Structure formats: C-alpha cells, structure tokens
Amino acid sequence: ANTTAVEISGTTWTDTGVTASITPRSDSNKILIMVRQSFTTHRNTTSAYGSLRLLRDSTVIQNTHGTTFHYGIRADGNDHRWWRGAIPFTYLDSPATASSVTYHVEMVGHSTADTPEYKAQDDNSPSTIILMEVVA
C-alpha cells in the first residue's frame with residue numbers, strides 16, 4: 001500500500017505514486033488490475049472534483065476525465081467544500097506482450113480557481129494496486 005501524500009497540480013495530470021509492474025508469461029495472457037485510489041478534494045467555493053486515469057507504461061488505458069465519472073462534490077454556494085474517499089476500480093487489460101509492463105494511476109483536478117486542493121493518499125490514507133495475470 002502507498003501512503004505517501006501527493007499534491008495534484010490543479011488541471012495537470014499528476015502521477016499518484018500508485019504503481020506496480022508485471023511480466024506476463026505469454027503475450028496472449030491478460031492482466032487484471034485492481035486499484036483502490038484514495039482521493040481528497042477541497043475548494044473554498046462551489047464544486048471540488050477531479051478525475052482518474054490508468055496507464056500501462058505511457059499509454060492511457062482507462063480514463064474518467066471528460067465523462068460523467070468525476071469524483072468529489074458538486075455544490076452551489078460557498079464555504080469550504082471537502083470530499084475524501086477511496087475510488088475502487090478494476091480493469092482487464094490485454095497488453096499483448098511477454099515483456100515487463102508497469103501500471104500506474106494519475107489524477108487531475110477540474111479547476112485552478114479559488115485555490116483548490118487535490119491530493120492522493122492525504123493524511124496517510126492508503127492506496128493500493130494489485131496485478132493478476134489471467135491465462136488466456
């Protein structure tokens with residue numbers, strides 16, 4: 001488990017430090033990726049939310065950005081909007097290789113206005129990634 005806090009740079013995709021590598025035994029095998037990503041958002045006014053994406057090496061293979069799957073709080077009004085939770089997700093990947101692959105998670109915030117905060121593993125909240133090879 002990773003408990004090292006990572007400050008997300010507003011609207012710039014930032015690696016959360018949640019990463020794992022695996023070397024498939026066959027290029028026809030699949031990799032089941034199971035992630036629990038802790039995520040905190042805070043903003044002094046209205047909404048505070050962000051998105052996650054999963055990468056295989058440098059290739060984005062799952063992305064919640066630009067969809068309805070934003071995580072956080074959407075609110076009308078003002079005064080300190082906080083959301084803290086853990087986002088669990090799974091993904092079955094077909095890397096088509098018998099060479100080592102590395103999976104990692106990145107996060108992004110939805111705004112830079114009104115001094116928002118976006119964090120992974122805030123206050124030692126653990127995040128995990130588990131990789132399992134599935135024989136084809």
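**Exercise 1. Decide whether D93 is buried or exposed, and place D93 among the strands.**

At 2% relative accessibility, D93 counts as buried, where buried means under 20% relative accessible area, exposed means over 50% and partly exposed lies in between, with a 1.4 Å probe and protein chains only. As for the place in the chain, D93 belongs to strand 7, a strand being a DSSP run of E with at least two residues and a helix a run of H or I with at least four, both numbered from the N terminus.

This is a predicted model, in which local features need pLDDT of at least 70 and side-chain atom pairs count only at pLDDT 80 or more, while totals for chains, interfaces and linings use all residues. Residues are numbered from 1 along each chain as its sequence is written, and side-chain values use heavy atoms, with hydrogens and water left out.

**Exercise 2. Find what surrounds D93, and say which salt bridge D93 forms.**

Begin with contact, which means heavy atoms within 4.5 Å. Not counting residues up to four places away in sequence, D93 touches K30, I31, I33, R56, I61 and Y103.

Next, take Y103 from that list: the side chains of D93 and Y103 make a polar contact of 2.6 Å. A polar contact is a pair of N or O atoms within 3.5 Å, where within protein one must be able to donate a hydrogen and the other to accept it, and where residues adjacent in sequence count only if both atoms are side-chain atoms.

Then turn to R56, which forms a salt bridge with D93, the closest N and O atoms being 2.7 Å apart. Because R56 lies in strand 4 (residues 48–56) and D93 in strand 7, this pair ties together parts that are 37 residues apart in sequence. The term salt bridge stands for a side-chain nitrogen of Lys or Arg within 4 Å of a carboxyl oxygen of Asp or Glu. R56 is itself buried, with a relative accessible area of 17%.

**Exercise 3. Count the salt bridges, and trace the network to which D122 belongs.**

The count for the model comes to six salt bridges. One of them joins the side chains of D122 and R84, at 2.6 Å from N to O. D122 lies in the loop between strand 9 and strand 10 and R84 in strand 7, so the pair ties together parts that are 38 residues apart in sequence.

The two partners can also be described by their accessibility: D122 is buried, with a relative accessible area of 9%, whereas R84, at 45%, counts as partly exposed. D122 also forms a salt bridge with K119, whose closest N and O atoms are 3.9 Å apart. Taken together, R84, E117, K119, D122 and D123 are linked in a network of salt bridges.

**Exercise 4. Describe the backbone and the surroundings of A96 and Q121.**

For A96, phi is near 55°, a positive value in a residue other than glycine. A96 lies in the loop between strand 7 (78–93) and strand 8 (101–109), and A96 is exposed, with a relative accessible area of 56%.

For Q121, phi is likewise near 55° and positive in a residue other than glycine. Q121 lies in the loop between strand 9 (117–120) and strand 10 (128–134), but here the residue is buried, with a relative accessible area of 0%.

**Exercise 5. Work out where T16 sits and what T16 meets.**

T16 is found in strand 2 (residues 14–22), and at 0% relative accessibility T16 counts as buried. Leaving aside neighbours within four places in sequence, T16 is in contact with N2, V6, Q37, V105, E106, M107, A120 and Q121. Among them, Q37 meets T16 through a polar contact between the two side chains, at 3.0 Å. The C-alpha atoms of T16 and S38, which are 22 residues apart along the chain, are separated by 9.4 Å.

**Exercise 6. Summarise the chain as a whole.**

The chain has zero helices and ten strands. Of its 136 residues, 43% are buried. Among contacts between residues at least 6 apart in sequence, 82% join residues at least 24 apart. Finally, the accessible surface comes to about 6,900 Å², of which 50% belongs to carbon and sulfur atoms, with areas taken from the Shrake-Rupley method and a 1.4 Å probe, and, for residues, with only the protein chains shown counting as cover.
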